[in-house]
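Student: Could you take me through one part of this model in detail? I would like a close look at the surface of a single helix, and then at how that part sits within the rest of the chain.

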Amino acid sequence: MLEALNLEKISISDKFLMMEEIWKDLSEHSTANGFSPQWHYDVLSQREKKIADGIMKFSPISEVKERLKKLTHEN
């Protein structure tokens, strides 16, 4: 078990580096430890297929922001 970290003594850049390393490790080992349920993989697989088949596409973040602005201003 880890001892509690004194986060106030760690620089912000080091905190971000630590977070990146933790997320990288979690993502690499999540399937082996049963962390992510199978349906997550099924949904991602379905989305990848739709993208490959041209049924679905990515939108640039600028377009997404504009669509969200329009949605929020309409309500």
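Tutor: Happy to. Buried residues make up just 1% of the 75 residues in this chain, and please keep in mind that the model is predicted. The chain has three helices and zero strands, so the order from the N terminus is simply α-α-α.

Let's settle on helix α1, which spans residues 12–29. Ile12 belongs to this helix, and Ile12 counts as exposed because its relative accessibility is 59%, where exposed means over 50%. Ile12 is also one of the residues in a nonpolar surface patch of about 950 Å². The other members of that patch are Leu5, Leu7, Phe16, Met18, Met19, Ile22, Trp23 and Leu26.

There is a charged patch to look at as well. Glu20, Glu21, Asp25 and Glu28 form a negative surface patch. Of these, Glu21 has its place in helix α1, and at 52% relative accessibility Glu21 counts as exposed.

Now for the charges elsewhere in the chain. A search of the whole structure finds two salt bridges. In one, the side chains of Lys49 and Asp53 meet, with 2.7 Å from N to O. Lys49 is exposed, with a relative accessible area of 53%, whereas Asp53 is partly exposed at 45%. In the other, Glu66 meets Lys69 at 3.7 Å, again N to O. Both Glu66 and Lys69 lie in helix α3 (residues 61–74), three residues apart, which is about one turn of the helix. Glu66 counts as partly exposed at 41% relative accessibility, and Lys69 is partly exposed too, with a relative accessible area of 44%.

Finally, step back to the whole chain. Its radius of gyration is 19 Å, while a compact globule of 75 residues would have one near 11 Å. Along the principal axes, the C-alpha atoms fill a box of roughly 50 × 35 × 20 Å. The accessible surface comes to about 7600 Å², and 60% of that belongs to carbon and sulfur atoms. As for charge, the chain has 11 positive and 13 negative charges, and their mean positions are 9 Å apart.

So, when you return to helix α1 in the viewer, good places to start are Ile12, exposed at 59%, and Glu21, exposed at 52%.

Notes: Residues are numbered from 1 along each chain as its sequence is written. This is a predicted model: local features need pLDDT of at least 70, side-chain atom pairs count only at pLDDT 80 or more; totals for chains, interfaces and linings use all residues. Side-chain values use heavy atoms; hydrogens and water are left out. Patches are made of residues with over 30% relative accessible area and no salt bridge: like charges are joined within 9 Å, nonpolar side chains (Val, Leu, Ile, Met, Phe, Trp, Tyr) within 5 Å. Accessible areas come from the Shrake-Rupley method with a 1.4 Å probe; for residues, only the protein chains shown count as cover. A salt bridge is a side-chain nitrogen of Lys or Arg within 4 Å of a carboxyl oxygen of Asp or Glu. Helices (H or I, at least four residues) and strands (E, at least two) are DSSP runs, numbered from the N terminus. Buried means under 20% relative accessible area, exposed over 50%, partly exposed in between (1.4 Å probe, protein chains only). Lys and Arg count as positive and Asp and Glu as negative; His and the chain ends are not counted. The place of a charge is taken as NZ of Lys, CZ of Arg, CG of Asp or CD of Glu. The radius of gyration is taken over C-alpha atoms; the globule rule is 2.2 Å times the number of residues to the power 0.38.
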